[in-house]
Amino acid sequence: MTDTTSRPTLPDHLSGNPRSPFFLEAAFEFEIGILLNGKERFDVEEYCISEGWVKVPSPKALDRRGNPMLITLKGTVEAFYK
């Protein structure tokens, strides 16, 4: 059985980038799942449930620091612990 009492509640806006103000290290101690329009996404870098968007890395485009550019996808977002 999984113990869900020790897991922190998932915030409305969460980012996987440690430099972001929306990064919450305690949430990443557990595996997080993201559903966008009812389909599970495995490449989400950032999400916002109330605004209904997720950001995923572009397959080829890079920013000036060499990081993948992020593409915003809109729809119904659900976050959960696996």
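In this predicted model, two aromatic pairs are counted under the ring-pairing criterion applied here. The first to be described joins Phe23 and Phe28, whose ring centres lie 5.4 Å apart and whose planes meet at 15°, so this pair is classed as stacked; the cut-off for that class is a plane angle under 30 degrees. Both partners are accessible in part: Phe23 counts as partly exposed because its relative accessibility is 27%, and Phe28 falls into the partly exposed class with a value of 39%.

The other pair is formed by Phe30 and Tyr81 and has an edge-to-face arrangement, with 5.7 Å from centre to centre and an angle of 80° between the planes. This contact links distant parts of the chain, the two residues being 51 residues apart. Phe30 is located in the loop between strand E1 (13–15) and strand E2 (32–36), whereas Tyr81 belongs to strand E7 (residues 77–81). The environments of the two rings were also assessed. Phe30 has a relative accessible area of 25% and is therefore partly exposed. Tyr81, at 19% relative accessibility, counts as buried, since the limit for that class is under 20%.

A further aromatic ring is involved in a contact with a charged residue. Lys55 is placed over the face of Trp53, at a distance of 5.2 Å from the ring centre.

With regard to the strand arrangement, an open sheet is built from four strands in the order E1-E4-E5-E6, with antiparallel pairing. The edges are occupied by E1 and strand E6 (68–74); each has a single partner strand, and one side of each is therefore left without a neighbour in the sheet. On average, and with direction ignored, neighbouring strands of this sheet are turned by 20° against each other. The pairing of E1 with strand E4 (residues 46–48) is antiparallel and comprises three bridges. Within this pairing, Leu14 has Tyr47 of E4 as its bridge partner.

Finally, the backbone at Asn37 was examined. Asn37 adopts a positive phi of about 55°, although this residue is not a glycine. Its position is in the loop between E2 and strand E3 (39–41). With a relative accessibility of 49%, Asn37 is classed as partly exposed, because the exposed class requires a value over 50%.

Definitions and conventions:
Residues are numbered from 1 along each chain as its sequence is written. This is a predicted model: local features need pLDDT of at least 70, side-chain atom pairs count only at pLDDT 80 or more; totals for chains, interfaces and linings use all residues. Side-chain values use heavy atoms; hydrogens and water are left out. Rings of Phe, Tyr and Trp (its six-membered ring) pair if their centres lie within 6.5 Å; planes under 30 degrees apart count as stacked, over 60 as edge-to-face and the rest as tilted. Buried means under 20% relative accessible area, exposed over 50%, partly exposed in between (1.4 Å probe, protein chains only). A charge sits over a ring if NZ of Lys or CZ of Arg is within 6 Å of the ring centre and within 35 degrees of the ring normal. Two strands pair if DSSP finds at least two bridges between them. Axes are lines fitted to C-alpha atoms, for helices over the stretch in contact, and angles run from 0 to 180 degrees between N-to-C directions.
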